[in-house]
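Got a minute to walk through this fold with a trainee? Have the viewer open and follow along.

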Amino acid sequence: MLRSGADRLWTMTMMCTVVALACALSLFWVPHPAVASWPYVVLSGVLHIGYCLFLVRAYRTGDFVQTYPIARGSSPLLVTLGAAAFAGERLSVGATVGIFLVAGGIMALAFEGKRFRVASVPAALGTGCFIGAYSVADGIGVRLSESAVGYTVLMCLIWGVGMPLVYLLLRGVRSFRRPLADNVKATIAGLLSLLAYGLIVWAMQCAPLGPVSAMRETSVVFAALIGWLLLRQPLGARRALACTVITLGAGWLGYSAHLALSPLTPPSVSLPDGR
């Protein structure tokens with residue numbers, strides 16, 4: 001939806017405005033996150049604003065089919081490195097291989113079709129860096145929050161309020177008014193983005209950040225299949241091969257997680273007499 005907008009900065013800002021309104025209403029109904037998570041709430045909110053600005057710039061400077069795979073494919077690798085450095089996570093060899101397969105398959109999509117434009121790479125990589133940074137911040141923050149829903153609502157409120165303020169500084173109030181159809185489309189996109197990322201934050205509370213990030217980006221496979229089956233878009237050999245590699249990586253991640261959980265080791269119990 002963002003890509004199809006005539007004014008992508010406005011579309012992104014309107015999406016954030018919808019997110020802010022939904023989160024402001026939700027504050028009365030969800031538990032508040034623990035104080036220990038508040039620094040990460042603020043940090044992630046600011047990083048999300050940077051992500052929005054870089055994503056808009058990436059779409060402006062390059063083709064969607066090139067910028068999107070670079071931004072999304074680089075983020076699982078960056079999240080894995082960030083989680084190791086700041087959250088102390090150590091992944092198995094199998095999980096690491098799965099992440100590399102997913103990331104490599106996604107980035108391979110950038111080299112499909114049209115001539116590769118080097119000029120679009122910095123903005124796309126910058127977008128990936130912001131995705132990696134806010135993912136690590138949210139992964140640490142939500143584990144301190146004691147409430148994934150409360151953390152998500154408060155963080156997205158900061159992000160949703162901050163982006164319109166940036167827009168107003170750049171363009172002023174008058175440019176914010178648009179036709180009803182554009183507002184409806186941006187509203188739907190904003191609500192979907194809030195729901196989708198809320199699920200990701202919840203998952204990061206329960207699982208290592210790198211694999212969660214990699215599984216999140218497998219959405220490109222579903223997008224390709226929807227385009228092929230419903231929109232009659234061609235699914236070329238390169239795209240099909242890349243999607244196969246991504247699927248294999250996701251499957252390997254799932255298998256690695258199964259191995260990590262099985263067999264279950266019964267907990268040790270100390271009896272009062274020391275036995």
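What follows is a chat between a trainee and a mentor about this predicted model.

Trainee: Let's start with helix 8: how many of its 8 residues are buried?

Mentor: Helix 8 covers residues 209–216. Among its buried residues are Leu209, Pro211, Val212 and Arg216. The helix is largely enclosed by the rest of the structure, because the number of buried residues out of 8 is 7.

Trainee: And Leu199, is that one buried or exposed?

Mentor: Leu199 sits in helix 7, which runs over residues 180–206. The cut-off for the top class is over 50% relative accessible area. Leu199 comes out at 54%, so the call is exposed.

Trainee: How far apart in space are Leu199 and Val166, C-alpha to C-alpha?

Mentor: In sequence, Leu199 and Val166 are 33 residues apart. Through space, C-alpha to C-alpha, the separation is 27 Å.

Trainee: On to charges. Which residue forms a salt bridge with Arg178?

Mentor: The count of salt bridges here is 4. In the one you're after, the closest N and O atoms are 3.0 Å apart, and the partner of Arg178 is Asp7. That pair links distant parts of the chain, 171 residues apart: Arg178 is in the loop between helix 6 and helix 7, while the segment before helix 1 holds Asp7.

Trainee: Of those two, what class of exposure does Arg178 get?

Mentor: Asp7 is buried at 17% relative accessible area. Arg178 has 28%, so its class is partly exposed.

Trainee: Where in the chain is Glu217, the partner of Arg72?

Mentor: The Arg72 and Glu217 side chains meet in a salt bridge at 3.4 Å, N to O. This pair is 145 residues apart, with Arg72 in helix 3 and Glu217 in the loop between helix 8 and helix 9. Both Arg72 and Glu217 are buried.

Trainee: What is the closest N and O distance between Arg143 and Glu89?

Mentor: Arg143 is partly exposed at 35%, whereas Glu89 is buried at 14%. Their salt bridge has its closest N and O atoms apart by 2.8 Å.

Trainee: Why are the buried residues of helix 4 on the same side?

Mentor: The buried set in helix 4 includes Gly94, Gly98, Ile99, Val102 and Ile106. An α-helix has 3.6 residues a turn, so residues three or four places apart point the same way. In helix 4 the buried residues are on the same side because they cover an arc of only 165°.

Trainee: Which exposed residues does the face of helix 4 turned away from its buried side carry?

Mentor: Helix 4 has 16 residues and spans 22 Å from first C-alpha to last, close to the 22 Å expected. On its face turned away from the buried side, the exposed residues are Val93 and Phe100.

Trainee: Last one: which helix gives the most to the largest nonpolar core?

Mentor: That core has 48 residues, and Met12, Cys23 and Tyr197 are among the members that touch the most others. Several helices each supply at least two residues, including helix 2, helix 5 and helix 7. The top contributor, with 11 residues, is helix 1.

Trainee: Which residues from outside its sequence neighbourhood is Tyr197 in contact with?

Mentor: Neighbours within four places in sequence are left aside here. What remains for Tyr197 is His48, Tyr134, Ser135, Asp138, Met155, Met204 and Arg216.

Methods
Residues are numbered from 1 along each chain as its sequence is written. This is a predicted model: local features need pLDDT of at least 70, side-chain atom pairs count only at pLDDT 80 or more; totals for chains, interfaces and linings use all residues. Side-chain values use heavy atoms; hydrogens and water are left out. Buried means under 20% relative accessible area, exposed over 50%, partly exposed in between (1.4 Å probe, protein chains only). Helices (H or I, at least four residues) and strands (E, at least two) are DSSP runs, numbered from the N terminus. The expected span of a helix is 1.5 Å times one less than its number of residues. The arc is that of the directions from the helix axis to the C-beta atoms. A nonpolar core is a set of buried Ala, Val, Leu, Ile, Met, Phe, Trp, Tyr and Cys residues joined through side-chain atoms within 4.5 Å. Contact means heavy atoms within 4.5 Å.
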